[in-house]
Amino acid sequence: MTSQSSSSMVKSYLRATSQPSLISYDVFLSFRGEDTRDNFTDHLYTALNQAGIRTFRDDDAMDRGKPLTPELKKAIRESTISLIVFSKGYASSTWCLDEVRTIMEKQKTSAVYGNFRYDVLPVFYKVKPSDVRNQRGSFKQAFDKYDDEIKAEKNLKKKTALLLKVSAWRQTLGHAATSTGFVYRDGSESRFIYKIVNAVIKKVDNKALYTDDKLVGMENHVAEIESWLQDPSPYASVLLINGMGGIGKTTIAKIIFNLNFRKYDGSCYLARINDASNQHDQLLRLQTQLFSTILKRENEETIWNLEEGTKKVTNAISNQKVLLILDDVTTSEQLDVLLGPKSFYRGSKVIITTRHAWLLATAFKVPPKVHFIGPLSTDDATELFSLYAFHEHQPTEPFITQSQQFVHHCMGLPLALKERGTSLSNLRTNDAWEAKWRKMEAVPNPEVQKVLKVSYDLLADDMEKDLFLHVACFFAGEQKDYLVKLLTACNLFPVVGIKNLIDRCLIHVEKGRVMMHQLVKEMGREVVRMESPKDPGKRSRLWHHEDCVDVLQDQSGTTTIEGLVIDMQNIKETTSIVINDATMHGKDENADFDIGALEKMRNLMLLQLNYVTIFGECNRLPKKLRLLNWHGFSPNTIRGHISLEKLVVVDMSYSKVISFQINFNIMRSLRILNLSHSLELIETPDFVGLPSLESLILKGCSSLIMVGESIKKLTKLVLLDLTNCSSLRDLPTSLPASLRAIKISGCPHL
């Protein structure tokens, strides 16, 4: 199959599934009412329905003197099988002959559109197949009458039309009677009907999987996978569909299965494998389903243990051409149970959806192809959201601006767009939409949360979980190299951890920065909030402004807290409240805190106090601190030595320091000291107690006159940034030999 025809097939499927119903009936039943309506056909129709087979019966209530109605043609088009009951009087009905002609045309064209095979099963009820095929017996008598009508017709145009129609009927009956069917001459009709129903059950498209009718942004992904399916190479037997939770991996896999399962000797779709991974009996059930489905067993095979099941499945899939789709696989052990040694028959294809492609790829001798599913484009995301919110392809007034806000927040995640759109579909006022937005900001959608949290729950250990939560709460968008230095000191092994988070589709690195999807970040923060929903002081991390203020003011922090971020300047700029044209600010706008509130947090490692006023002695700061980020620091309120041996990063940018009365003493682990934009700073601190310092950043210290001679003690210093230190006139006579970069642009006196 060419890539062009593959693309056409995909487009046809997606168009079809966007309609309200692709298949309305399993069986279309065609018969001559005068012959069999009240006996055989009625019994057959009843048996089919009792077997759960949706059957359309073309009863004789319709006007037989007119052409087939659009409703009847639609019923034929929207069924998967046609049962044609040929009886003695069948050919005497022009309606029946037109009907069988439409059925056979449907079968002929079905392979062109979507590659769906349309089955036709003839039932020869008290007639011979050869009589139908060659128009003998009662069929000859019927066609003799049509021939007489042709001869009697005087109008040449009508005569020609009738001649062509009768010729088409003859040809159609010939084709229909050639198909393998069922012949009844005499004996038990009930047994004969039972035989027909069983055959229909086997042919009915029970394997087709349900997919949502709102499919947007799928076409290119499906077309690319369809192209891979055409590759006959034995090195192209396994494909991993990779992406974050809720991105559409399962939906795409279902589409691929529906398009292709008929083309293989055996096919099986195993859903939600991870859900069964911790349950022995559920894994047995999956093995049983796989084995019985591949071999098309009417009764499920009994499998007593996983080892027996693996052996049976291995034999089944290695001896025939199969299509296997394994949904939501998370470990290589799951693959071992379901695929054994992973030896496949030539032409077989295995497709696996996963959030951890790198780990699964190592389970195969030949590296599988990995197809990555990323977020939807803005246009596709807007369309998908609109289909759920408005049942239209674009937002409608007066909600266009608000729709853009919701779409942007979802960042192209189909699951979130669906959930958000659905929840808004019955809201008809701007106020209701605004209320929904405020609630969404406060509480993540539970369905989205549940799906995304699976990746977090599957992280290997507590260190990886802590690393993820640190990024979600504090460091999304931060430089990767910076995080590695900082979090290494927190004993989180970030080099390996960041790679594993990337492999789990929880983060990605873009232009050297660690990035995280907005909804994944919300998921991580919700994990922390649920540690203690009512008491923020008992959570491991605090970032929400009101929670931080409450804990600091009430001094209700505990040893559970590992990280805290509070930014007073940002809150002053963004949280003023306008009531009756008067501006009111929160009570905490000029809040001051006692250092005792921090002293209680003895396990605190990450502390960011931007433009926060704290009174007290430096020696009361928690001793486990690795990060002290204190923008706008004022030396007037805090005294003493900062002697925190585990500190790795100190960032006091925009401080009000003139010269450091606070000594950096015995900070042997400090690697980064950032005093940028401290506009009043005239001299650098004493560097004697900083033997590990690698980066000294004094950018924008426009009053800085001199860099102290103690800088020569920094034997590991790599970067010295003096950019825009416009008052600086001299550098020390001796600089560390370890320096790799000195930035002095904007220093006119050097």
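Which helix does Ile-76 lie in? Let's work that out first, then try some more exercises. This is a predicted model: local features need pLDDT of at least 70, side-chain atom pairs count only at pLDDT 80 or more, and totals for chains, interfaces and linings use all residues. Residues are numbered from 1 along each chain as its sequence is written, and side-chain values use heavy atoms, with hydrogens and water left out.

**Exercise 1. Place Ile-76 and describe its surroundings.**

Step 1: Ile-76 lies in helix 4, residues 70-77. Helices (H or I, at least four residues) and strands (E, at least two) are DSSP runs, numbered from the N terminus.

Step 2: Check the accessibility. Buried means under 20% relative accessible area, exposed means over 50%, and partly exposed is in between (1.4 Å probe, protein chains only). Ile-76 has a relative accessible area of 1%, so Ile-76 is buried.

Step 3: List the contacts, meaning heavy atoms within 4.5 Å. Leaving aside neighbours within four places in sequence, Ile-76 touches Phe-28, Glu-99, Thr-102, Ile-103, Lys-106 and Tyr-118.

Step 4: Look along the chain. Leu-29 is 47 residues apart from Ile-76, and their C-alpha atoms are separated by 9.1 Å.

**Exercise 2. Do the same for Glu-383.**

Step 1: You'll find Glu-383 in helix 17, residues 378-389.

Step 2: Its relative accessible area is 22%, so Glu-383 is partly exposed.

Step 3: Setting aside neighbours within four places in sequence, Glu-383 is in contact with Val-216, Glu-392 and His-393.

Step 4: Leu-215 sits 168 residues apart from Glu-383 along the chain, yet 9.9 Å separates the two C-alpha atoms.

**Exercise 3. Check the span of helix 8 and find what covers its buried residues.**

Step 1: The expected span of a helix is 1.5 Å times one less than its number of residues. Helix 8 (residues 156-178) has 23 residues, so it should span 33 Å.

Step 2: Compare with the model: the end C-alpha atoms of helix 8 are 33 Å apart, which agrees.

Step 3: Now the buried residues of helix 8: Val-166, Ala-168, Trp-169, Thr-172, Leu-173, Gly-174, Ala-176 and Ala-177.

Step 4: Their cover includes strand 3, helix 5 (94-110), strand 4, helix 6 (129-134) and helix 7 (138-152).

**Exercise 4. Sort two aromatic pairs by geometry.**

Step 1: Get the rule. A pair of aromatic rings is described by the distance of the centres and the angle of the planes. Rings of Phe, Tyr and Trp (its six-membered ring) pair if their centres lie within 6.5 Å; planes under 30 degrees apart count as stacked, over 60 as edge-to-face and the rest as tilted.

Step 2: The structure holds 24 aromatic pairs. One of them is Phe-40 with Phe-192, at 5.9 Å centre to centre and 35 degrees between the planes: tilted. This pair links distant parts of the chain, with Phe-40 in helix 3 (residues 40-50) and Phe-192 in helix 9 (residues 189-203), 152 residues apart. Phe-40 is at 0% relative accessibility, so it counts as buried, and Phe-192, at 8%, counts as buried too.

Step 3: Phe-86 and Phe-124 are 5.7 Å centre to centre with 25 degrees between the planes, which makes a stacked pair. This pair also links distant parts of the chain: Phe-86 is in strand 3 (residues 79-86) and Phe-124 in strand 4 (residues 119-125), 38 residues apart. Both Phe-86 and Phe-124 are buried.

**Exercise 5. Find the best-connected members of the largest nonpolar core.**

Step 1: A nonpolar core is a set of buried Ala, Val, Leu, Ile, Met, Phe, Trp, Tyr and Cys residues joined through side-chain atoms within 4.5 Å.

Step 2: The largest core has 84 residues, and Ile-351, Phe-385, Phe-468 and Leu-486 touch the most other members. Helix 22 gives the most to this core, with eight residues.

Step 3: Zoom in on Phe-385. It forms one aromatic cluster with Phe-390, Phe-399, Phe-406, Trp-433 and Trp-437.

**Exercise 6. Why is there no bond between Cys-747 and Cys-725?**

Step 1: A disulfide is a pair of cysteine sulfur atoms within 2.5 Å.

Step 2: The closest cysteine sulfur to that of Cys-747 is in Cys-725, at 5.1 Å, so it is too far for a bond.

Step 3: By this rule the count comes to zero disulfides.
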